[in-house]
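Q: I would like a close look at one part of this protein. Please take me through it step by step, then set it in its surroundings.
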Amino acid sequence: MTELEEFVLTKSQNTEQTKRNYRTQYKSIRELLNNDINKSSENEILVAVKTLSNGNVSNEWTYMNLPFMIRQSKGYKTDLIQKRREELKLLREEHTQNQKAVKNETLPSMKTIQDFTKQLYKNKEYKKFIVNFLIINYGVRNKDVDVFIVSSSKDTKDETNNYFIVKSNEIEWRINNYKTLMSFGVKKVIIKSKPFIEAVKSLTLNTWLLTGSITPLNDTGLATTIKRLLYNSLTEGDYFKIIMNDINSKPNTTQLLEYYSKIRGTDYATLLKYYDVSKKGEILPNDEM
């Protein structure tokens, strides 16, 4: 058994997508090392990860996590790797703050996105309308909107898929496969918006929303596909920043944060740290609640 297989076996609680990510990252790192991670020196690992990340701090942080966990699981030294992780954490936080400042000046308003979404419905661009409706109203990630459309719960046996269950007066959105499933569990959302129901019912049953066929979209193409459907090729992360910016001006900010934390599957502290793009960089107080 390879060191990767041994490591993955210890991560049974992780989603299949996370495990696939581990395998992809491991293959890239090992090719540069030309050796197992635990048979390589920390300096060799640091050089390999830096080469792979091509100057991108977030990428370096991501790649650094895997060798750290693999070595730690077997009791190998991680002093140099841990030191670099701490440096990257500070750099990443600084980058995040800088990005917040930039985003605050460049992101469109919530009204702009809402008007864009309404126009998609009027134009009968139903697939784009559905994706925009879900992301701007529920603040979900890309994977959540990768759904298979069915007419009965009996057709949802594959619990690795996300579904729209089409009913007479509502759409049940069942989310089995998303980034933080293990922490937040399966999500079920009932949508009763008449335009949304009409849009979903215009699509063919037993097909995937994003491909319009029985063939699902490859996960590697998901982010690009979603960007093409959103306003000005923004990302779902940008849409969530717009949501966060908007709720900073609401009288019930704290309640809304709790709602989006649950529906997105992101802990409260992360929302404040990475998605708040208000000019003050803080959530407004809610003394009236």
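Which residue in β5 stands opposite phenylalanine 148? Please build the answer out from there.

A: Tryptophan 208 in β5 stands opposite phenylalanine 148. A caution first: this is a predicted model.

Start with the strand pair. β5 covers residues 207–208, and 2 bridges join β1 to this strand. The two run antiparallel. Isoleucine 149 also faces β5, where threonine 207 stands opposite.

Now turn to the other partner of β1. β1 pairs with β2, residues 162–166, over 4 bridges. Here the sense is parallel. Isoleucine 149 has a bridge partner in β2 as well, namely phenylalanine 164. Strands of a sheet pair through backbone hydrogen bonds, either parallel or antiparallel.

Next, the faces of β1. This strand spans residues 147–150, and both of its faces are covered. On one side, Val147 and Ile149 are buried. On the other side, Phe148 and Val150 are buried too.

Step back to the whole sheet. The sheet is open and has 5 strands, in the order β4-β3-β2-β1-β5. Its pairing is mixed. β4 and β5 stand at the edges, each with a single partner strand, so one side of each has no neighbour in the sheet.

Follow the sheet to the β4 edge. β3 and β4 run antiparallel and are joined by 5 bridges. Within this pair, glutamate 172 has isoleucine 190 of β4 as its bridge partner. In a regular strand the side chains alternate between the two faces of the sheet. β4 shows that alternation. Lys187, Val189 and Ile191 point to one face and are buried. Lys188 and Ile190 point to the other face and are not buried.

What packs against these strands? Helix α9, residues 194–201, has Phe196, Ile197, Ala199 and Val200 as its buried residues. They lie on the same side of α9, because they cover an arc of only 160 degrees around the axis. These buried residues pack against four strands, β1, β2, β3 and β4 (187–191). They also pack against helix α7 (126–138).

Ile197 gives a reference point for a helix elsewhere in the chain. The C-alpha atoms of isoleucine 197 and leucine 33 are separated by 52 Å. Along the chain the two are 164 residues apart. Leucine 33 lies in helix α2. Is leucine 33 buried or exposed? Leucine 33 is buried, because its relative accessible area is 14%, which is under the 20% cut-off. Apart from neighbours within four places in sequence, leucine 33 is in contact with Ser40, Glu44, Ile45 and Ala48.

α2 also helps to line a pocket. The second largest pocket has a volume of about 320 Å³. Its lining has 20 residues, and Glu16, Arg20, Thr160, Asn161 and Asn177 are the closest to its centre. Two elements give two or more residues to this lining, α2 (16–33) and α8 (181–184). The largest share, 3 residues, comes from α2. By class, the lining has 5 nonpolar, 9 polar and 6 charged residues.

Back to the starting point. Phenylalanine 148 is buried in β1, and across from it in β5 stands tryptophan 208.

How values were computed
Residues are numbered from 1 along each chain as its sequence is written. This is a predicted model: local features need pLDDT of at least 70, side-chain atom pairs count only at pLDDT 80 or more; totals for chains, interfaces and linings use all residues. Side-chain values use heavy atoms; hydrogens and water are left out. On a 1 Å grid over the protein atoms alone, a cavity is a set of points where a 1.4 Å probe fits but cannot get out, and a pocket is an open set with protein on both sides within 12 Å along at least five of seven lines; lining residues have an atom within 4 Å of a point. Grid points are joined across faces, edges and corners, and a volume is the space filled by probe spheres set on the points. Ala, Val, Leu, Ile, Met, Phe, Trp, Tyr, Cys and Pro count as nonpolar, Asp, Glu, Lys and Arg as charged, and the others, Gly among them, as polar. Buried means under 20% relative accessible area, exposed over 50%, partly exposed in between (1.4 Å probe, protein chains only). Two strands pair if DSSP finds at least two bridges between them. The arc is that of the directions from the helix axis to the C-beta atoms. Contact means heavy atoms within 4.5 Å.
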